[in-house]
Amino acid sequence: MRRNPLTGLAAVFLSAAGLAASLLGVGPAGAVSGQPVITLDAPTPAALPAAPATDGVYFDFHTKSKNLTAHDVTLTVDARGLSKVAKVAFSSNCTAHGLIATCSESFESGSDPKIGLGSMTRLTLTALRGSRLGATGTYKITGRSAHAQIVGGTGSVTVGGPSFGLDHLADHTNLKVGSNVAEPVRFTNVGNRPARGVQTVLAASPGLDFADHYSNCKYGFNGAIHFAECYPKGVINIGETAALAAPVRLHVGSTALSTYLDALTAPLGQPGWPDGQGIKWTWGKGSALKLKVVKAGRRSSAPAGSVSLPQTGSVTDYWIATLRARNTADFAVSGASAQAGAGKAATLAFHLTANGPATLYDRSGGEGVPTAWVTLPPGTTAVGHSANCAPWQENNPAAEAKGPYVCSLPGIIVPKGQVTNFSLTLQVDDVVTHAKGGVQLVWGPDPADSHRPAFDPNSRNDSAVLTVN
């Protein structure tokens, strides 16, 4: 099962870029100096459940080169180091000779090389029957291409592991600005090996911050999100239910509205989120956060593990709590006016303003973000628009000429004071004195279903006039 627990935060299990290059040292023999470089992201260690269950190992790459095209890539996967721990099946793009496979790949980076390069190559692994819990093997990946240097790496596979099932978090509504709210965090080791410890990652959405700062937790900030990563001491035995000795206390700030707490528990040493996001961490200076045993587990002769088994069924190590504050966020649109003679063009510049006091943070997929619905003044034709505006019906010549147009915000986090500028350039076909169009604030992707939210009680600034001549 491929782990991707925090798509709302664009947060996935990542390792530091460049580690794979340090493992292999240099590119393949015969590589041409100055060629683009495609580098394997360090593979996340895998823990194998008991047979016949399987685990899939995926491979992602990255490059710093724009508009790279390499359709002739061959990856070689040498899995002989797994011969004593796992049965290996290669993906359909591979030709296998025993435990060595050559796999054909095609990579294109486009104009934004920051976006990772996925691959077709994968391994499906099944633990060998009778293999010892804790037994570990490795595999190696190299590659070649006439159009790029391929930097590979190595990965590890271990038989068995801990697995944490996190209890549901509690949702909260009608929270008072300035108050604190407590969120207990409790989990159970449902794996087949003890864990040598636990790391708990917490992400507090805009408007929330951590009320307590413990000496064994590190704290960071990434844009509008506050992070904490805590390391309470204690081995987590098989079947044991444990909890953070103190609930997570969150302070509800003046910008809170619809906010969230994301919580992830993992065995101590598990690589993953929020690694690789450039967060600058600071250790807390308070007392140490401890664990408490809620239900005792059983001791095992198997060595403690630091890599989680794949999550299965209803068990998950990740939950989100929704916290709603009693607050308001006012949004307003402006109008504009311009003059132009027949056959001439005029540009109307207008905007959408977030007056606050709360920050809007929409994780609904666009349903909760305001947009500007624009109708053109009579006698005009649209001949240009800013990049953040588009005709309601794209690729429809009539809509492109006569509208209506929809103008959108740049993201799902909208803080107080943000002003988003829009523009439409109109050609005057017929001179109409005081020809009036309009800008209307709408909510969600379909204006026909727009409903003003309760947190924006001021309707007086939801519309404005666009005037030509």
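**Notes on a strand-rich predicted model**

1. Let's start with a pair of strands. Strand 29 (residues 345–357) and strand 36 (residues 419–428) run antiparallel to each other, held by 9 bridges. If you want one spot to look at, find histidine 351, which sits opposite asparagine 421 of strand 36. Keep in mind as you look around that this is a predicted model.

2. Now zoom out from that pair to its sheet. The sheet is open, has 4 strands in the order 27-29-36-32, and its pairing is antiparallel. At the edges you'll find strand 27 (329–333) and strand 32 (380–385), each with a partner on one side only. From one strand to the next, the twist averages 25°.

3. What about the whole chain? There are 2 helices and 38 strands, so expect to see plenty of arrows in a cartoon view. The C-alpha atoms fill a box of roughly 85 × 60 × 35 Å along the principal axes. The chain has 469 residues, and 49% of them count as buried. Its accessible surface is about 21400 Å², with 52% of that belonging to carbon and sulfur atoms.

4. Which residues do the contacts bring together? Take the contacts between residues at least 6 apart in sequence: 80% of them join residues at least 24 apart. As for charge, the chain has 36 positive and 29 negative charges, and their mean positions are 12 Å apart.

5. Next, have a look at another open sheet, this one with 6 strands. The order is 2-12-10-5-8-7 and the pairing is mixed. Strand 2 (46–48) and strand 7 (94–97) are the edge strands, each pairing on one side only. The twist here averages 25° from one strand to the next.

6. Strand 12 is a nice place to see what mixed pairing looks like. On one hand, strand 12 (residues 153–159) pairs with strand 10 (residues 136–144) in the antiparallel sense over 6 bridges. On the other hand, strand 12 runs parallel to strand 2, with 3 bridges joining them. You can check the partners by eye: lysine 140 stands opposite threonine 154, threonine 138 stands opposite serine 156, and alanine 47 stands opposite threonine 158.

7. Is strand 12 mostly covered or mostly open? Mostly covered, with 5 of its 7 residues buried. One residue to pick out in this strand is glycine 153. Glycine 153 counts as buried because its relative accessible area is 1%, and the cut-off for buried is under 20%. From glycine 153 to threonine 259, which is 106 residues away along the chain, the C-alpha atoms are separated by 40 Å.

8. Cysteine 217 deserves a click too. You'll find cysteine 217 in strand 19 (residues 217–222), and with 0% relative accessibility it is buried. What does cysteine 217 touch, apart from residues up to four places away in sequence? The list is Glu229, Cys230, Thr282, Trp283, Gly284 and Leu289. Valine 157, by contrast, is 60 residues from cysteine 217 in sequence and 29 Å away in space, C-alpha to C-alpha.

9. Don't assume that a loop residue has to be exposed. Asparagine 237 is in the loop between strand 20 (225–230) and strand 21 (241–244), yet asparagine 237 is buried, with a relative accessible area of 15%. Setting aside neighbours within four places in sequence, asparagine 237 is in contact with Asn189, Pro194, Gly297, Arg298 and Arg299.

10. Finally, some backbone oddities. Most residues other than glycine have a negative phi, and most peptide bonds are trans. Alanine 51 and proline 52 are joined by a cis peptide bond, with omega about 10°; proline 52 lies in the loop between strand 2 and strand 3 (54–58). The bond from glycine 403 to proline 404 is also cis, with omega near 0°, and proline 404 is in the loop between helix 2 (397–402) and strand 34 (405–407).

11. Where do positive phi values turn up outside glycine? One is at asparagine 174, where phi is near 60°; asparagine 174 is in strand 14 (residues 172–175). Another is at histidine 434, with phi near 55°. Histidine 434 lies in the loop between strand 36 and strand 37 (435–443) and counts as exposed, at 54% relative accessibility.

How values were computed. Residues are numbered from 1 along each chain as its sequence is written. This is a predicted model: local features need pLDDT of at least 70, side-chain atom pairs count only at pLDDT 80 or more; totals for chains, interfaces and linings use all residues. Side-chain values use heavy atoms; hydrogens and water are left out. Buried means under 20% relative accessible area, exposed over 50%, partly exposed in between (1.4 Å probe, protein chains only). Contact means heavy atoms within 4.5 Å. Accessible areas come from the Shrake-Rupley method with a 1.4 Å probe; for residues, only the protein chains shown count as cover. Lys and Arg count as positive and Asp and Glu as negative; His and the chain ends are not counted. The place of a charge is taken as NZ of Lys, CZ of Arg, CG of Asp or CD of Glu. Two strands pair if DSSP finds at least two bridges between them. Axes are lines fitted to C-alpha atoms, for helices over the stretch in contact, and angles run from 0 to 180 degrees between N-to-C directions.
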